[in-house]
Amino acid sequence: MADEEDELPETELSYDQKKEIAKWFLLNAPAGEINYVAKDLQAVLCDEEVYNEAAVEAFPVYNKSHMIFLEMPSGAGDVIVSSYSEITENEYLDPRTAQVALVDHVKQICTKVRPAYDEELPSSYTEEYRSALDAEIQRYVSESYPKGVCAVNCVKGKDAEGPGSDFELVVIITATKLSPQNFCNGSWRSIWTIDFQDESQVLEIKGKLQVGAHYFEEGNVELDAKKEFQDSTMFQSADDCGIAIANIVRHHETEYLAALEVAYSKLPDNTFKDLRRKLPVTRTLFPWQNTLQFSLTREVEKELGLGK
């Protein structure tokens with residue numbers, strides 16, 4: 001009787017509660033896995049209306065935060081979905097081709113493109129610096145990230161007409177390696193903000209790096225590593241600035257990647273060793289696939305010398 005009284009009555013979740021829970025799962029999906037999460041959510045919710053509303057709200061946020069890139073139907077290349085390239089909720093600028101892509105966030109496809117309007121593009125002065133930097137970053141990404149895509153956006157000072165004006169460029173690098181058949185997915189995201197200050201003739205550079213990895217074979221291990229950087233260089237010609245900035249980006253990203261490799265190569269012998277043994281005292285892995293051949297009673301008798 002007491003147990004029955006202690007049991008709490010089941011309460012039905014409200015529409016808003018279901019939607020917020022669904023959004024949480026979608027937004028926290030690892031890189032490249034939101035569609036798998038979405039499929040499972042639809043099966044669990046059994047409520048198309050709740051799912052659709054959650055998806056419409058969650059997918060745009062997820063796509064921008066993961067900086068996914070989509071192939072443009074014009075065959076001109078890929079457009080990066082990010083807050084730095086966003087014109088409207090479903091329109092994203094590709095500054096390299098001066099085109100605006102219309103994006104279906106839930107389907108994660110680019111449905112069509114249009115030429116960018118003049119007011120959506122930087123002035124010829126700012127574009128000179130943007131395109132020079134873009135060329136150098138493209139070269140770096142092609143060498144370092146086989147699955148990488150990059151863009152350079154002007155986020156401030158688009159109307160700068162010449163020397164004496166300040167403006168700001170943002171370098172975006174995004175790369176993914178998705179291998180669900182091998183139970184692992186990974187992503188690299190880096191954002192470099194370059195503040196061109198004409199008066200001081202200095203470029204202030206700030207970088208944010210985020211590395212994600214998900215390994216889920218016979219377990220569930222997820223990495224989410226973040227790092228921030230600050231640097232600076234001199235305000236020079238467009239070509240010289242492009243080379244200098246790209247070298248700074250290359251230096252910090254290469255250094256950080258090397259540090260990650262060193263740190264995680266030591267995990268088995270340091271961090272994981274403190275948590276548990278890598279192997280049992282026999283120094284051999286337990287053959288889980290052949291457990292039927294073992295008898296606990298027989299093994300105990302053998303160890304105690306009681307067997308025949």
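This is a short walk through two helices and a run of three strands in a predicted model.

Start at the surface. L13, I21, W24 and F25 make a nonpolar patch there, about 400 Å² in area. Take F25. It sits in helix α2, residues 15–27. Buried or exposed, or in between? F25 counts as partly exposed, because its relative accessibility is 40%, and that class runs between 20% and 50%.

Now turn to F59. This one belongs to helix α4, residues 48–65. Its relative accessible area is 1%, so F59 is buried; the cut-off is under 20%. What does F59 touch? Leaving out residues up to four places away in sequence, the contacts are L26, I34, N35, A38, Y51, H105, V106 and Q108. Look at H105 in that list. F59 and H105 are 46 residues apart along the chain, yet their C-alpha atoms are separated by 5.8 Å.

On to the strands. β9 covers residues 184–197, and β10 covers 202–215. They pair antiparallel, over 14 bridges. For a register mark, find W188: V211 in β10 stands opposite. Four residues lie between these two strands in their hairpin, and Q201 there takes a positive phi near 55 degrees.

Next comes β11, residues 221–234. β10 and β11 also run antiparallel, joined by 14 bridges. Here the register mark is Q210, opposite K226 in β11. Which residue takes a positive phi in this hairpin? E218 does, near 55 degrees, and the hairpin has five residues between its strands.

To recap: F25 is partly exposed, F59 is buried, and β10 pairs with β9 and is joined to β11.

Terms used
Residues numbered from 1 in each chain as written. Predicted model: local features only at pLDDT ≥ 70, side-chain atom pairs only at ≥ 80, totals over all residues. Heavy atoms only, no water. Patch = residues over 30% accessible without salt bridge, like charges linked within 9 Å, V, L, I, M, F, W, Y side chains within 5 Å. Areas by Shrake-Rupley, 256 points an atom, 1.4 Å probe, with all protein chains shown as cover. Salt bridge = Lys/Arg side-chain N within 4 Å of Asp/Glu carboxyl O. Buried < 20%, exposed > 50% of the residue type's maximum accessible area, 1.4 Å probe, protein only. Pairing = 2+ DSSP bridges. Contact = heavy atoms within 4.5 Å.
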